[in-house]
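These notebook entries record what I looked up on helix packing, enclosed space and one loop residue. I take the helices first and the pockets afterwards.

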Amino acid sequence: MRIYREKDYEAMSRRAAQIIAAEIVHNPACLLGLATGSTPEGAYRYLVDWYKQGLLSFKNVRSVNLDEYVGLAPDHDQSYRYFMQSNLFGHVDINPANTRVPDGLTLDAKAFCDEYDAFIRAQGYVDLQLLGIGRNGHIGFNEPGGFFVKETHVVDLTESTIDANARFFASRDDVPKQAISMGMGAIMGAKKVLLCASGEEKADAICGSVLGSISPSCPASILQLHPDVIVVVDEAAFSKLAAAGFQA
């Protein structure tokens, strides 16, 4: 596990974007596992800028997203398909047919989840998986629990996750209570994992993920078992690791 300690959110975003861009340059037809939320917005902004400058092309890139809210249509302004279109897909030359985001309106969630996993396996898993992390250590929407869930699945969101996401909706009551999330099998199958975090509120989760016991009570701790993980954090998210004497 390699850890990059950056000054602030902007520096963290740039470092993350550089790692993603390097993957695309090295393998122009790579399969990227993508994430949503406030953490990757800055990295996507850099990638869009580099595309517009002619430094990067997504022409042959393929992507699969980690998750989507159950019950939200792709054009809903809080759906993750909408997020990806607004922050990345709509601004670069990626082929829309090469992008996959879970279907929040599927009428057969089990069949959809099975197909999503089958597709990822058929590609030999993703080349680089981008992850954020929740305050409770969740990755994707794999929430703390009694065991790690391997397959893509429907998740009942915890109260803390609903609270954290309420700022994006008109009210807390509007936040969906379920999501479809890629499971740990697909995440751990990625050839490389890029975990990003910013802000003091993520410091405990980062510390637990890096130094804590491997436990489903902190889902991201399973990344300690992955052979190629890059963690990019700002000073605030690194603070608990620093207090524990960790050097980066």
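Entry 1, α1 and α2. I looked up the handedness of this pair and found that α1 passes α2 in a right-handed crossing. I note here that the model is a predicted one. The two axes cross at roughly 60° and come within 8 Å. That angle makes α1 oblique to α2, because it falls outside the 65 to 115 degrees that count as roughly perpendicular and is not under 35 degrees.

I then listed the residues of the contact. From α1 I recorded Tyr9, Glu10, Met12, Ser13, Arg14, Ala16, Ala17, Gln18, Ile20 and Ala21. From α2 I recorded Ser38, Thr39, Pro40, Glu41, Gly42, Ala43, Arg45, Tyr46, Leu47 and Trp50. Sorted by class, the contact of α1 with α2 has eleven nonpolar, five polar and four charged residues.

Entry 2, the cavity. How many cavities of 30 Å³ or more does the structure hold? I found one. The space in the largest cavity is about 30 Å³. Its lining consists of Met12, Ser13, Ala16, Thr39, Pro40, Ala43, Leu130 and Cys196. The elements that give two or more residues to this lining are α1 (9-26) and α2 (38-52). I noted that Met12, Ser13 and Ala16 of α1, with Thr39, Pro40 and Ala43 of α2, also stand in the contact list of Entry 1. In the lining of the largest cavity I counted six nonpolar residues, two polar ones and no charged ones.

Entry 3, α2 and α3. I next checked how α2 packs with helix α3, residues 80-87. The angle is about 40°, and the axes are 10 Å apart. On that angle α2 is oblique to α3, since only values under 35 degrees count as roughly parallel at the low end. Glu41, Tyr44 and Val48 of α2 make the contact with Phe83, Met84 and Asn87 of α3. The class record for this contact reads four nonpolar, one polar and one charged. I noted that Glu41 appears here and also in the contact of α1 with α2.

Entry 4, α7 and α8. What is the handedness of the crossing of α7 and α8? It is right-handed. Helix α7 covers residues 203-211 and helix α8 covers residues 235-243. Their axes cross at roughly 50° and come within 7 Å. This makes α7 oblique to α8. On the α7 side I listed Ala203, Asp204, Ile206, Cys207, Val210 and Leu211. On the α8 side I listed Ala236, Ala237, Ser239, Lys240 and Leu241. The contact of α7 with α8 divides into eight nonpolar residues, one polar and two charged.

Entry 5, the largest pocket. I recorded a volume of about 640 Å³ for the largest pocket. Its lining has 35 residues, and Thr36, Gly37, Ser38, Asn165 and Phe168 are the closest to the centre. Which element gives the most to this lining? I found that α3 does, with five residues. At least two residues each come from α2, β4 (67-69), α3 and α5 (159-165). By class I noted 13 nonpolar, 15 polar and seven charged residues in the lining of the largest pocket. Ser38, listed above among the residues closest to the pocket centre, is also in the contact of α2 with α1.

Entry 6, the second largest pocket. I looked up its volume and found about 170 Å³. Fifteen residues make up the lining, and Asn142, Glu143, Phe147, Val149 and His153 lie nearest the centre. Strand β7, residues 153-156, gives the most to this lining, with three residues. The lining of the second largest pocket comprises nine nonpolar, four polar and two charged residues.

Entry 7, Ser215. Where does Ser215 lie? I placed Ser215 in the loop between α7 and β10 (229-234). Leaving aside neighbours within four places in sequence, I found Ser215 in contact with Phe148 and Ser221. I also looked up Ser215 against Ile3, which is 212 residues away along the chain. The C-alpha atoms of Ser215 and Ile3 are separated by 20 Å.

Definitions and conventions: Residues are numbered from 1 along each chain as its sequence is written. This is a predicted model: local features need pLDDT of at least 70, side-chain atom pairs count only at pLDDT 80 or more; totals for chains, interfaces and linings use all residues. Side-chain values use heavy atoms; hydrogens and water are left out. On a 1 Å grid over the protein atoms alone, a cavity is a set of points where a 1.4 Å probe fits but cannot get out, and a pocket is an open set with protein on both sides within 12 Å along at least five of seven lines; lining residues have an atom within 4 Å of a point. Grid points are joined across faces, edges and corners, and a volume is the space filled by probe spheres set on the points. Ala, Val, Leu, Ile, Met, Phe, Trp, Tyr, Cys and Pro count as nonpolar, Asp, Glu, Lys and Arg as charged, and the others, Gly among them, as polar. Axes are lines fitted to C-alpha atoms, for helices over the stretch in contact, and angles run from 0 to 180 degrees between N-to-C directions. Angles under 35 degrees count as roughly parallel, over 145 as roughly antiparallel, 65 to 115 as roughly perpendicular and the rest as oblique. Contact means heavy atoms within 4.5 Å. A crossing is left-handed if the near helix is turned anticlockwise from the far one by less than a right angle, and right-handed if clockwise.
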